[in-house]
Amino acid sequence: MNNLVNQLRHAFTESFPGTPLIVRSPGRINIIGEHTDYNEGFVLPAAIDKAAYIAITLRDDDEIHLKALDFNEAFLVKIADMQPVTSNSWPNYILGSATQFIKRGIPLCGFNAVLVSDVPIGAGMSSSAAVECATVFALNEVLHTNLDKLTMVKMAQKAEHEYAGVMCGIMDQFASMMGKKDHVIKLDCRSLAYEYVPFKLEGIKVVLLNTNVKHSLASTEYNTRRKECEQAVAWVRAHVPNVSSLRDVTEEMLDNYVLPNDELIDRRSRYVVQEIGRLLSGCEDLRQGNVQALGKKMFETHEGLQNMYAVSCKELDWLIDQVKGNEAVIGARMMGGGFGGCTVNLVKEDAVDALIDTIKPAYEAAMNLPLTYYVASIENGTEIIQV
Ligand code: GLA
């Protein structure tokens with residue numbers, strides 16, 4: 001981290017005057033509870049030791065000057081001309097976040113900002129949420145707007161909706177902003193009530209295996225899944241009026257009101273209903289120290305994401321198949337939106353090296369793609385880096 005921060009500080013002073021404020025905002029993992037956030041269910045994410053860093057100072061005009069060290073690119077726009085740039089481009093995450101201040105009636109002035117990140121892009125570790133949260137938090141500081149963290153989480157989520165076009169739930173931005181060292185966050189995505197659950201498993205590491213597949217399908221399919229879930233809710237609601245999301249739906253309701261209409265919508269929504277239940281009992285497992293039981297549920301989640309929700313891909317499935325019979329791997333599943341990115345694995349500490357040594361060359365030979373890996377540690381959420 002220090003290295004990245006030094007690099008950032010150096011790059012900032014080479015381009016702009018003044019001493020910048022530096023904010024760090026992490027990527028996230030999610031243990032269980034996938035595609036449940038926008039269905040008002042629960043999630044169990046945590047912030048990790050990979051993060052986006054932004055260095056920022058205000059200007060006395062109306063220009064926004066941006067630099068991204070990872071791409072060696074610069075971008076300049078006047079506040080009045082801010083709008084989304086070509087899809088998936090890094091300025092979107094900063095501009096989308098800055099716009100949220102104006103939308104709240106907060107006067108925005110020009111600023112200089114340099115960005116660097118070691119959250120791998122497209123790996124399902126929320127590199128975009130990290131940038132959005134870093135930007136909102138940093139602007140809140142330099143503009144002295146005194147926004148509370150939950151408001152900033154919602155602003156960062158809106159940035160993703162409006163400037164990246166992904167109608168994401170609240171998990172990623174919440175985890176990045178609110179993370180707590182050595183804890184996962186049990187978040188109720190309906191009420192936004194949350195609880196920090198200790199997650200320091202004796203002799204077990206969280207290993208992320210990155211397929212290095214970035215499917216362009218991901219954002220369109222994501223929005224399609226949301227609509228499929230909404231359709232299921234509409235069919236149920238026609239019979240059970242107080243149902244407002246899949247959170248309120250039971251499998252019996254699906255049997256009665258969704259399955260007769262459409263088998264595919266039934267499969268999608270049944271995955272979500274089951275996953276919400278799985279998370280709740282997974283949290284119980286964790287509380288009782290029964291990591292084996294939690295791990296088993298992670299494998300079940302993967303099966304659901306693969307066969308019912310259909311957001312996996314052959315590379316992710318291959319990685320899960322490989323670790324399934326390995327007694328050192330307690331649980332594993334694909335993580336995040338899907339169609340590529342990482343699997344999250346709970347692995348016995350003394351077996352991590354052996355696992356990597358075997359699976360890396362095997363994956364590379366079978367898939368003709370590099371396999372990268374990270375042993376993630378759970379860290380605090382968005383924070384100012386003290387100089
Ligand atoms: C992406 C979204 C999240 C969540 C996950 C799937 O990461 O940004 O809101 O829906 O996919 O669980």
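A polar contact here is a pair of N or O atoms within 3.5 Å. I'm keeping that cut-off in my head while I look around this model, which is a predicted one.

**Entry 1: the ligand**

I started with Arg28. An N or O atom in the side chain of Arg28 sits 3.1 Å from an oxygen atom of the ligand, so with the 3.5 Å cut-off I can jot this pair down as a polar contact. Next I checked Glu34, where a polar side-chain atom is 2.6 Å from a ligand oxygen. Gly337 joins in with its backbone: a polar atom there is 3.3 Å from an oxygen atom of the ligand. How much of the ligand's own accessible area does the protein cover? I got 92% of 310 Å².

Then I listed who stands around the ligand. Among them are His35, Asp37, Tyr38, Cys168, Met171 and Tyr222. I sorted the shell residues by type and got 4 nonpolar, 4 polar and 4 charged.

**Entry 2: a three-strand sheet**

I moved on to an open sheet of 3 strands, in the order β2-β7-β8, with antiparallel pairing. The edges are β2 (42–43) and β8 (194–198), and each of these pairs on one side only. A reminder to myself: strands of a sheet pair through backbone hydrogen bonds.

I counted the bridges as well. Strand β7 (residues 183–188) and β8 share 5 bridges, while β2 and β7 are joined by 2. For β7 with β8, I found Val184 opposite Val197, and Ile185 has Tyr196 as its bridge partner. Over on the β2 side, Phe42 stands opposite Asp188 in β7.

β7 and β8 also make a hairpin, with 5 residues between them. In that turn, I noted that Leu192 has a positive phi of about 65°.

**Entry 3: the two faces of β7**

Which residues of β7 point which way? I found His183, Ile185 and Leu187 on one side, with Val184, Lys186 and Asp188 on the other. That fits the textbook pattern, where side chains in a regular strand alternate between the two faces of the sheet. I checked burial too: 6 of the 6 residues in β7 are buried.

**Entry 4: Ala55**

Last stop: Ala55, in strand β3 (residues 45–58). Is Ala55 buried or exposed? It counts as buried, because its relative accessibility is 0%. Leaving out residues up to four places away in sequence, I saw Ala55 touching several others, including Leu8, Phe12, Ile22 and Val114. I also looked up Ala55 and Leu294: they are 239 residues apart in sequence and 39 Å apart in space, C-alpha to C-alpha.

Terms used: Residues are numbered from 1 along each chain as its sequence is written. This is a predicted model: local features need pLDDT of at least 70, side-chain atom pairs count only at pLDDT 80 or more; totals for chains, interfaces and linings use all residues. Side-chain values use heavy atoms; hydrogens and water are left out. Helices (H or I, at least four residues) and strands (E, at least two) are DSSP runs, numbered from the N terminus. Buried means under 20% relative accessible area, exposed over 50%, partly exposed in between (1.4 Å probe, protein chains only). Contact means heavy atoms within 4.5 Å. A residue is near a molecule or strand if one of its heavy atoms lies within 4 Å of it. A polar contact is a pair of N or O atoms within 3.5 Å; within protein, one must be able to donate a hydrogen and the other to accept it, and residues adjacent in sequence count only if both atoms are side-chain atoms. Accessible areas come from the Shrake-Rupley method with a 1.4 Å probe; for residues, only the protein chains shown count as cover. Ala, Val, Leu, Ile, Met, Phe, Trp, Tyr, Cys and Pro count as nonpolar, Asp, Glu, Lys and Arg as charged, and the others, Gly among them, as polar. Two strands pair if DSSP finds at least two bridges between them.
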